[in-house]
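Welcome! Here is a short tour of one protein chain, written for someone meeting it for the first time. Have a look at the sequence and the structure, and then read on.

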Amino acid sequence: MTDGPPEVSGLLRHHHALMRASSPEESCHVLTEHELIATGCTVLACRTRARIVGVGAIKALDADHAELKSMHSAEEARGAGVRRALLNAL
């Protein structure tokens with residue numbers, strides 16, 4: 001299995017580390033990039049002209065239901081609608 005684009009991988013790693021550091025072990029269900037891919041999640045990225053500024057992952061549960069698995073925007077892009085755009089796309 002290959003990693004995604006370096007910017008996407010970097011945001012996913014940052015998100016994973018942040019969630020692991022700020023959540024109690026028993027409440028932290030964040031997945032690594034490899035786990036997201038291995039479990040069949042769809043991973044999307046949001047790009048500005050200059051760089052990728054957000055990532056989101058969703059897993060289909062059945063034909064009518066899905067679970068949002070990850071959502072992260074780069075700090076400098078917060079408040080600019082990145083997460084809304086990702087949710088709409090997912």
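Which residues make up the largest nonpolar core? The sections below begin with that question and then move outward.

## The nonpolar cores

The largest nonpolar core has 10 residues: Val8, Leu11, Leu12, Leu31, Leu36, Cys41, Ile52, Val55, Ala57 and Ala74. Two elements, H1 and S2, each give two or more residues to this core. There is also a second, separate core of six residues, and among them are Met71, Ala77, Val82 and Leu86. As a general point, nonpolar side chains in soluble globular proteins tend to be buried together.

Leu31, a member of the largest core, is worth a closer look. Setting aside neighbours within four places in sequence, Leu31 is in contact with His16, Leu36, Thr39 and Lys69.

## How confident is the model?

Please keep in mind that this is a predicted model. The mean pLDDT of the protein chain is 89, and 96% of its residues reach 70 or more. Among the elements, helix H1 (residues 6–22) has the lowest mean pLDDT, at 90, while strand S2 (residues 52–60) has the highest, at 93.

## Helix H1 and its two faces

Helix H1 has 17 residues and reaches 24 Å from its first C-alpha to its last, close to the 24 Å expected at 1.5 Å a residue. Which residues of H1 are buried? They are Val8, Ser9, Leu11, Leu12 and His15. These residues cover an arc of only 165° around the axis, so they sit on the same side of H1. An α-helix has 3.6 residues a turn, so residues three or four places apart point the same way.

What do the buried residues of H1 pack against? Their partners are helix H2 (33–38), S1, S2 and S3. The face of H1 turned away from the buried side carries the exposed residues Pro6, Arg13 and Ala21.

## Ser70, a buried residue in a strand

Ser70 lies in strand S3. Is Ser70 buried or exposed? With a relative accessibility of 3%, Ser70 counts as buried, because the cut-off for buried is under 20%.

Leaving out neighbours within four places in sequence, Ser70 is in contact with His15, Val30, Leu36, Val55, Gly56 and Ala57. Several names here are familiar: Leu36, Val55 and Ala57 belong to the largest nonpolar core, and His15 is one of the buried residues of H1. Ser70 and Val55 are 15 residues apart in sequence, and their C-alpha atoms are 7.6 Å apart in space.

## Salt bridges

How many salt bridges are there? The count comes to four. One of them joins the side chains of Glu76 and Arg51, at 1.8 Å from N to O. Glu76 lies in the loop between strand S3 (66–73) and helix H3 (82–89), and Arg51 lies in the loop between strand S1 (42–47) and S2, so this pair ties together parts that are 25 residues apart in sequence. Glu76 counts as exposed at 56% relative accessibility, whereas Arg51 counts as partly exposed at 34%.

Another salt bridge links Glu25 with Arg20, whose closest N and O atoms are 2.8 Å apart. Glu25 is exposed, with a relative accessible area of 56%, and Arg20 is partly exposed at 34%. Glu67 also forms a salt bridge, with Lys69, and there the closest N and O atoms are 3.6 Å apart. Glu67 is partly exposed at 35% relative accessibility, and Lys69 is partly exposed at 22%. Lys69 has appeared before, as one of the contacts of Leu31.

Notes
Residues numbered from 1 in each chain as written. Predicted model: local features only at pLDDT ≥ 70, side-chain atom pairs only at ≥ 80, totals over all residues. Heavy atoms only, no water. pLDDT = per-residue confidence, 0-100. Helix = DSSP H or I, 4+ residues; strand = E, 2+ residues; numbered from the N terminus. Core = buried A, V, L, I, M, F, W, Y, C linked by side-chain atoms within 4.5 Å. Buried < 20%, exposed > 50% of the residue type's maximum accessible area, 1.4 Å probe, protein only. Contact = heavy atoms within 4.5 Å. Expected span 1.5 Å × (residues − 1). Arc of directions from axis to C-beta.
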